[in-house]
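Open the model in your viewer and keep the selection panel at hand. We will go from stop to stop, and at each one you will hear what to select and what is there.

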Amino acid sequence: MAPYKTVVTHGFIVDGDGKKMSKSLGNTVNPLDVAQKNGIEILRLWTASSDFTEDLRISDEILKANVESYRRLRNTFRYLLGALDGYSEDETVALEDMPGLERWVLHRIAELDKLVKEAYTAFDYKKVMSALINFCGVDLSAVYFDIRKDALYCDPVSSTRRRANRMVMNELLKRLCLWLAPIMPFTTEETFQTSHLAGTADSVHLLTFADVPAEWTNAELAEIWAKIFKVRRVVTGALEVERREKRIGSSLEAAPIVHIEDADLLAAFKGEDAADIFITSKAILTDAPSPGVAFRMDDVSGVAVVSGMAEGRKCARSWKYFDPADADAEFPDITPRDAAAVKEWDQNA
């Protein structure tokens with residue numbers, strides 16, 4: 001049996017200003033009050049997010065930040081539960097057949113799996129929470145879920161892209177439940193028992209961390225998507241300006257022209273649909289010199305965006321704008337992709 005590891009703490013619990021708590025100063029925090037107001041998981045989250053080798057700070061503001069972090073994690077679980085309704089292992093897609101975005105998410109899972117396991121072994125709970133909160137808020141909510149919601153809601157059920165999306169979200173649900181179970185036992189158990197995973201074990205707390213397939217790790221692919229996301233950030237910035245000036249409401253009303261001087265950045269989009277990544281109805285990528293009126297970001301050189309309005313008819317189903325001349329005769333008010341999805345649904349109804 002491996003020897004026990006001793007964890008040494010050096011600090012006390014102090015208030016937000018670093019002052020020792022005392023009744024005379026009126027700066028004490030009653031754990032029972034916190035639990036009754038916010039739930040016991042918030043205290044667990046605060047404990048795990050704190051550096052126990054130093055004085056532990058706690059205050060209403062610090063607890064509010066932990067409430068927001070908890071909401072972010074819980075909302076991730078809620079989204080995954082809804083998106084995976086009716087999920088079946090029959091939806092499995094081979095890795096080589098998956099779109100690049102799904103393979104990037106699997107790479108991120110592999111990276112996080114290594115980090116989480118090492119951090120737990122070293123009792124570095126703060127590192128675990130920081131990594132997972134950032135992953136759920138940035139990689140998933142602001143990027144992956146945002147880009148793939150169109151495919152999830154509007155692609156034909158049998159499409160490879162939608163099946164790959166659901167397969168990856170299934171992996172996300174399983175691994176997030178297990179990674180967070182030691183810190184958020186109630187929330188992860190509730191999520192586990194509510195999901196299709198409930199039949200795999202009596203409790204999430206009876207499972208162990210599963211190994212990640214070695215082929216999920218793909219540093220070369222990660223570099224490609226880092227370049228894509230670099231360009232996407234500039235496009236998103238340009239669209240925010242258009243929204244602020246009330247020239248567009250939704251990003252689907254836009255059809256930006258993206259001038260990319262860097263050949264490597266431009267090549268990163270090979271085989272990818274830029275409009276899907278930017279969440280616009282259309283997008284043109286070009287290496288032509290950009291006009292002076294183009295939108296730029298100081299920290300992203302060689303990328304400029306000229307915003308434009310999407311033309312054509314607004315799809316009644318996906319809200320994307322398309323050329324009505326391409327419409328299916330049976331469904332003239334929706335895109336051909338959406339028409340195929342509706343026909344498939346009607347056939348299987």
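A word before the first selection: contact here means heavy atoms within 4.5 Å. Keep in mind too that this is a predicted model.

**Stop 1: the whole chain**

Show everything as a cartoon. The chain has 11 helices and 8 strands. Of its 349 residues, 44% are buried. Look at how the chain folds back on itself: of the contacts with a separation of 6 or more, 70% are between residues 24 or more positions apart.

**Stop 2: helix H7 and its cover**

Select residues 185–194, which form helix H7. Its buried residues are Pro185, Thr187, Thr188, Glu189, Thr191 and Phe192. Which helices help to cover the buried residues of H7? Add 40–49, 60–83 and 160–180 to the selection: helices H2, H3 and H6 are among the parts that cover them.

**Stop 3: the largest nonpolar core**

In soluble globular proteins, nonpolar side chains tend to be buried together. To see the largest nonpolar core in this model, start with Tyr144, Met169, Leu172, Leu176 and Val231, the residues with the most contacts inside it. The core has 79 residues in total. Now colour residues 125–154, helix H5, which gives the most to this core, with 13 residues.

A second, separate core has 7 residues, and you can find it by selecting Cys315, Ala327, Phe331 and Val342, which are among them.

Back in the largest core, centre on Met169. Leaving aside residues up to four places away in sequence, what does Met169 touch? Show Tyr79, Leu80, Ala83 and Leu84, then Tyr144, Phe145 and Leu152: these are its contacts.

**Stop 4: aromatic pairs**

The count of aromatic pairs comes to 8. Select Trp104 and Phe229 for one that is edge-to-face, since the ring centres are 4.9 Å apart and the planes stand at 70°, where over 60 degrees is the cut-off. Trp104 belongs to helix H4 (residues 100–121) and Phe229 to helix H8, so this pair ties together parts that are 125 residues apart in sequence. Are these two residues buried or exposed? Trp104 is buried, with a relative accessible area of 7%, and Phe229 is buried as well, at 18%.

Next, select Tyr144 and Phe145, an aromatic pair that is tilted, with 6.2 Å from centre to centre and 45° between the planes. Tyr144 counts as buried at 0% relative accessibility, and Phe145 is buried with a relative accessible area of 8%.

To finish this stop, show the rings of Tyr120, Phe123, Tyr125 and Phe209, which form one aromatic cluster.

**Stop 5: Val235**

Move to Val235, which is found in helix H8. At 1% relative accessibility, Val235 counts as buried. Not counting residues up to four places away in sequence, Val235 touches Pro256, Val258, Phe278 and Val305. Now draw a distance from the C-alpha atom of Val235 to that of Phe295: the two are separated by 8.4 Å, although they are 60 residues apart along the chain.

**Stop 6: the largest pocket**

Turn on a surface and select Asp146, Lys149, Ser251, Phe278 and Ile279, the lining residues nearest the centre of the largest pocket. The pocket has a volume of about 440 Å³, and 26 residues line it. The elements that give two or more residues to this lining are H5, helix H8 (219–244) and helix H10 (274–278). H5 gives the most, with 8 residues. Try colouring the lining by residue class: how many residues are nonpolar, polar and charged? There are 11 nonpolar, 5 polar and 10 charged.

**Stop 7: the cavity**

For the last selection, pick Asp113, Arg175, Leu178, Trp179, Phe209 and Ala210, which line the largest cavity. The structure holds 1 cavity of 30 Å³ or more, and about 30 Å³ of space lies in the largest cavity. H6 gives the largest share of its lining, 3 residues. By class, this lining has 4 nonpolar residues, no polar ones and 2 charged. Phe209 may look familiar here, being one of the residues in the aromatic cluster from Stop 4.

Note on methods: Residues are numbered from 1 along each chain as its sequence is written. This is a predicted model: local features need pLDDT of at least 70, side-chain atom pairs count only at pLDDT 80 or more; totals for chains, interfaces and linings use all residues. Side-chain values use heavy atoms; hydrogens and water are left out. A nonpolar core is a set of buried Ala, Val, Leu, Ile, Met, Phe, Trp, Tyr and Cys residues joined through side-chain atoms within 4.5 Å. Buried means under 20% relative accessible area, exposed over 50%, partly exposed in between (1.4 Å probe, protein chains only). Helices (H or I, at least four residues) and strands (E, at least two) are DSSP runs, numbered from the N terminus. On a 1 Å grid over the protein atoms alone, a cavity is a set of points where a 1.4 Å probe fits but cannot get out, and a pocket is an open set with protein on both sides within 12 Å along at least five of seven lines; lining residues have an atom within 4 Å of a point. Grid points are joined across faces, edges and corners, and a volume is the space filled by probe spheres set on the points. Ala, Val, Leu, Ile, Met, Phe, Trp, Tyr, Cys and Pro count as nonpolar, Asp, Glu, Lys and Arg as charged, and the others, Gly among them, as polar. Rings of Phe, Tyr and Trp (its six-membered ring) pair if their centres lie within 6.5 Å; planes under 30 degrees apart count as stacked, over 60 as edge-to-face and the rest as tilted.
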